[in-house]
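Let's take a stroll through this protein model and see how some of its parts fit together. Keep the 3D view open as you read.

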Amino acid sequence: EGDATWVMMRYLYGALKLSPARQAEAADFMGSLALGREVLGQSAPAYIQDNLLAGYMAGLALVQAAVDRGGVAALNELYKAPPRSMEQVLHPEKALSRTDPPVNLPAPSLPELPPGWVEVSQGVWGEFNVRILLGEWGAAEEHAQRAAAGWAGDAYRVYQGPESGRAFTWTTAWDGEGDAEEFFEAAKGRKDL
């Protein structure tokens with residue numbers, strides 16, 4: 001989506017005959033828009049709204065960083081070795097330098113499930129969704145963004161039981177002890193942690 005958005009913006013800049021300075025202003029303006037919230041209003045949770053746009057806006061920033069670094073050839077290199085996590089999209093320097101790959105963790109399981117409980121899902125949240133989660137738990141946007149930036153990897157499982165019961169297990173890895181502590185502090189907004 002970022003590549004397609006970049007091409008669309010290049011076409012628009014040409015059609016409007018925008019100077020490079022005006023192009024930069026337009027890109028900053030596009031990045032500041034909360035288009036998902038404008039379209040969906042309050043009908044969908046932040047998780048869905050933000051994830052709908054992340055590929056377009058964060059992807060656009062990654063594509064622009066690649067082009068700024070080495071032209072279309074650098075963009076083509078991204079297709080040969082794409083980012084391994086959303087973290088690398090959010091921080092283009094990590095994608096372009098191929099640094100800070102995600103830590104692969106096994107999804108934690110509940111050792112003995114009571115009768116009637118079954119696993120229904122497992123996966124990885126990633127830095128972007130950890131940021132959203134912290135926001136939903138009450139962390140201010142800037143604090144959630146800063147705390148999630150130390151993400152190194154995670155894995156989760158969701159279980160469903162009788163009478164609509166649910167259980168969730170989650171393990172995380174952080175770039176350093178300070179990053180783990182910052183996440184913990186940001187997560188304190190959640191009253192049941």
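## A pair of strands

Start with strand 2 and strand 3 (residues 166-174): they run antiparallel and are joined by nine bridges. Keep in mind that what you're looking at is a predicted model.

Want a couple of spots to click on? V158 has F168 in strand 3 as its bridge partner. D154 is matched with T172, again in strand 3.

## The turn between them

Strand 2 and strand 3 make a hairpin, with five residues sitting between the two. Have a look at E163 in that turn: its phi is positive, at about 55 degrees.

## The other neighbour

Strand 2 also pairs with strand 1 (residues 118-123), in the antiparallel sense and over five bridges. To find this pairing on screen, pick G123, which stands opposite Y156 in strand 2.

## Tucked away

How many of the ten residues of strand 2 are buried? Nine of them are, so strand 2 (residues 151-160) is largely enclosed by the rest of the structure. "Buried" here means that a residue has under 20% relative accessible area.

## Out on the surface

Now for something on the outside. Y47, I48 and L52 make a nonpolar surface patch of about 280 Å². To track the patch down, look for L52 in helix 4, which covers residues 46-80.

Technical notes:
Residues numbered from 1 in each chain as written. Predicted model: local features only at pLDDT ≥ 70, side-chain atom pairs only at ≥ 80, totals over all residues. Heavy atoms only, no water. Buried < 20%, exposed > 50% of the residue type's maximum accessible area, 1.4 Å probe, protein only. Helix = DSSP H or I, 4+ residues; strand = E, 2+ residues; numbered from the N terminus. Pairing = 2+ DSSP bridges. Patch = residues over 30% accessible without salt bridge, like charges linked within 9 Å, V, L, I, M, F, W, Y side chains within 5 Å. Areas by Shrake-Rupley, 256 points an atom, 1.4 Å probe, with all protein chains shown as cover. Salt bridge = Lys/Arg side-chain N within 4 Å of Asp/Glu carboxyl O.
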